Amino acid sequence: MNRSINSVLLFFVCTLSISACQPEVTNQALGTLERDRVLLRATAGELITQLPKKEGSHVEQGELLLQLDNRKQSSRVAIAKADLAQAQAYLLRLTNGERPEDIASAQANVQRSTAAMVQAEKAYQRINSLKKQNLVSQSDLDDAIANRDRTIAEHNAANESLAKLIVGVRQEDITQAQASLDAAKAKLALEQQTLDDLSIIATRSGRLDSLPFNLGERVPTNAVVVVIQADNAPYARVYIPEPYVAKLAIGQQLKVYVDGVDKAFVGQLRWLSKEPAFTPYYALNQQDRSRLVYLAEFDLEKGAAQLATGLPAQVELPQ
């Protein structure tokens, strides 16, 4: 009789032990409330000259949060503006044509060179006639020929200059000047954008979470200089047990419970990881895979906007 009782007791003990060894899968996904964190980085290795906001303060989109030294970049912008003005003036000169005063001056040069050419031709004829009578030397005749040829060349050059002023510039020159103007505009826009980027402004409204550097420090290029917690309703970041993953779909709404709050919030699934946390599923057997969890995020309704970041949250999963 005692032996039978002992057998029954042993059976119950083994059954309880086996049940305790089986993985218990809950229908709750546990996690915390989180908000979007906006990281603002330095675009240049410059000194911090202004920190108008303190950590923990509320900031609005567009507010100045940190100012980097912009003296060198301001000089580059001034140079780019001067180059743009020069390119504009040159193009305007080409498109407006030559001034009447310049054309009149070129016409006067033609008349002067014509008179000089006529006088040189007469002098040559006179010297040539005297040479035939052996009244002048050969060098005198050579000088007269050279002077005549020089005045002819000057007359031709004056005529070409006048014709160029009257006809105007070539279309190729205007096209080149327009391209130079466009390049100057692009350079100015680039330099101005670089200058603007030295002023770190809030890209979203929220709470100023962190200012890693102090006033007067030189920050490395691309270093995070401002961290903002976005001013919107938090989302629940939770871990979904593997058996429930197949029952979820993006956009699905479930109840979310937050510690310290009596009512449940409606959460909408916005993201579900395709990979399990820690261990890949293909490295485990069926029993071990049931213990895996998948990270997921649920957007909460606007009524949860006042909840603090980091509060424990639980999502009620479908059965």
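In the predicted model, the buried residues of helix 5 pack against two elements, helix 2 (71-96) and strand 6 (199-201). The buried positions of helix 5 are Ile174, Ala177, Leu181, Ala184, Leu188, Glu191 and Leu195. An α-helix has 3.6 residues a turn, so residues three or four places apart point the same way. Helix 5 itself covers residues 171-197, 27 residues in total. From its first C-alpha to its last it reaches 39 Å, close to the 39 Å expected at 1.5 Å a residue.

At the level of the whole chain, 7 helices and 13 strands are present. The protein chain comprises 319 residues, of which 29% count as buried. Among contacts with a separation of 6 or more, 77% are accounted for by residues 24 or more positions apart. The exposed area of the protein chain is about 20,200 Å², and carbon and sulfur atoms supply 53% of that area.

Two antiparallel pairings involve strand 7 (residues 206-210). Strand 4 (residues 58-59) is joined to strand 7 by 2 bridges, with His58 standing opposite Arg207. Strand 7 also pairs with strand 8 (residues 224-230), again in the antiparallel sense, over 4 bridges. In this second pairing, Leu208 of strand 7 is placed opposite Ile228 of strand 8. In a regular strand the side chains alternate between the two faces of the sheet.

A polar residue in a buried setting is found in strand 5 (residues 64-68), which contains Gln67. The relative accessible area of Gln67 is 7%, and Gln67 is therefore classed as buried, the cut-off being under 20%. A polar atom of the Gln67 side chain lies 3.3 Å from the backbone oxygen of Leu198. Beyond residues up to four places away in sequence, Gln67 touches Leu47, Ile48, Thr49 and Gln50, together with Leu198 and Ser199.

A second buried position, Ala158, belongs to helix 4 (residues 138-167). With a relative accessible area of 11%, Ala158 is buried. Its contacts, leaving aside neighbours within four places in sequence, are with Asn109, Val110 and Ser113. The C-alpha atom of Ala158 is separated by 9.1 Å from that of Arg112, a residue 46 positions away along the chain.

Asp259 provides a case from a loop, located between strand 10 (253-258) and strand 11 (265-272). At 40% relative accessibility, Asp259 counts as partly exposed, because this value falls between the 20% limit for buried residues and the 50% limit for exposed ones. When neighbours within four places in sequence are set aside, Asp259 is in contact with Pro312 and Gln314. The contact with Gln314 includes a polar contact between the two side chains at 3.0 Å. Asp259 and Leu311 are 52 residues apart in sequence, and their C-alpha atoms are 6.7 Å apart in space.

Conventions: Residues are numbered from 1 along each chain as its sequence is written. This is a predicted model: local features need pLDDT of at least 70, side-chain atom pairs count only at pLDDT 80 or more; totals for chains, interfaces and linings use all residues. Side-chain values use heavy atoms; hydrogens and water are left out. Buried means under 20% relative accessible area, exposed over 50%, partly exposed in between (1.4 Å probe, protein chains only). Contact means heavy atoms within 4.5 Å. Accessible areas come from the Shrake-Rupley method with a 1.4 Å probe; for residues, only the protein chains shown count as cover. A polar contact is a pair of N or O atoms within 3.5 Å; within protein, one must be able to donate a hydrogen and the other to accept it, and residues adjacent in sequence count only if both atoms are side-chain atoms. Two strands pair if DSSP finds at least two bridges between them. The expected span of a helix is 1.5 Å times one less than its number of residues.
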